[in-house]
Amino acid sequence: MRLDKYLADVLKISRQNAKKLIKDKEVLVNDNIVSNINIIIDEKKDCVIVNNQMLQYQKYIYLMMNKPKGYLSATFDNSNPTIIELVPQQFNFKDLSIVGRLDKDTAGLILLSNDGAFIHNITSPKKHISKKYYVEYSGVLLSDAVSYVENGIEIDDYKTLPGKLELIGSNKAYITIYEGKFHQVKKMFEKLNTKVEYLKRVQIGSLQLGDLKIGEVKELTLDELEKIKE
Ligand code: URA
């Protein structure tokens, strides 16, 4: 990889500024000051030092966010705030994408990454990764709502995979589903004779939102990455 690209990626600076660092002789590769702006390095083997700091190249990034209500699951929008705006600069890798979608008025756990294969694996309908939501609803649930969800509910032109509904108090529930159709939870609750008033995703696979604060973003550990597939 070209050294200026490497510096731009790692330091999150423009290619122009990366070239300036090289021209200003502030970059060492394997202990030698670099003077050739076109130098190619092996990012896995070569040791690059800038301002006495050894740089580490990271190709992929995996993030979890506690999405606030009111933000779009999009990278850009003309009139609404997007969750990408909440990603701190040090995590804002090129090609960062949102893994699946939450509605604008839905809160909770959402993943971001620049690893296309990872994103495909998580979002592929064939993988049936579980997603658990905390729901507050208005109205009176059908008396057989739990078994209804267990058997799958017909929505639009499809039947949901068997899910799990846990009633946890007055008009509050957890629901676990295994696909991610458009407005799925809201539509399921409609079929159960109620209306979703508040929706928050609390778990994907066995990765829990935990105590991540609203709007906060954190990098996933390897353990946490594994949990998504469990
Ligand atoms: N189901 C919904 O209805 N909305 C979401 O944002 C996620 C699941």
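Does Lys-5 count as buried, partly exposed or exposed, and at what relative accessibility? At 27% relative accessibility, Lys-5 counts as partly exposed, where buried means under 20% relative accessible area, exposed over 50% and partly exposed in between (1.4 Å probe, protein chains only). The model is predicted, with local features requiring pLDDT of at least 70 and side-chain atom pairs counted only at pLDDT 80 or more, whereas totals for chains, interfaces and linings use all residues. Residues are numbered from 1 along each chain as its sequence is written, and side-chain values use heavy atoms, with hydrogens and water left out.

The protein chain is assigned domain 1 (3-54), domain 2 (62-125 + 207-228) and domain 3 (130-204), the bounds coming from an automatic or database domain assignment. Taken over C-alpha atoms, the centres of domain 1 and domain 2 are separated by 30 Å.

The largest nonpolar core (a set of buried Ala, Val, Leu, Ile, Met, Phe, Trp, Tyr and Cys residues joined through side-chain atoms within 4.5 Å) comprises 33 residues, and those with the most contacts inside it are Leu-112, Val-135, Leu-165, Ile-175 and Phe-189. Among the elements that each supply at least two residues of this core are strand E7 (106-113), strand E8 (131-138) and helix H5 (184-191); helices (H or I, at least four residues) and strands (E, at least two) are DSSP runs numbered from the N terminus. Because domain 2 and domain 3 both give residues to this core, it lies between them. Beyond its neighbours within four places in sequence, Phe-189 is in contact with residues including Val-135, Tyr-137, Leu-165 and Ile-175, contact meaning heavy atoms within 4.5 Å. A second, separate core of 16 residues includes Phe-118, Ile-129, Leu-212 and Leu-225.

Across the whole structure, 13 salt bridges are found, each defined as a side-chain nitrogen of Lys or Arg within 4 Å of a carboxyl oxygen of Asp or Glu. One of them pairs Lys-5 with Asp-9, with the closest N and O atoms 2.8 Å apart. Both residues lie in helix H1 (residues 3-11), 4 residues apart, about one turn of the helix. Asp-9 is partly exposed, at a relative accessible area of 24%. A salt bridge also joins Lys-45 and Asp-42 (3.8 Å, N to O); Lys-45 is exposed at 68% relative accessibility, whereas Asp-42 is partly exposed at 30%. In addition, Arg-2, Asp-4, Arg-15 and Lys-19 are joined into one network by salt bridges that share partners.
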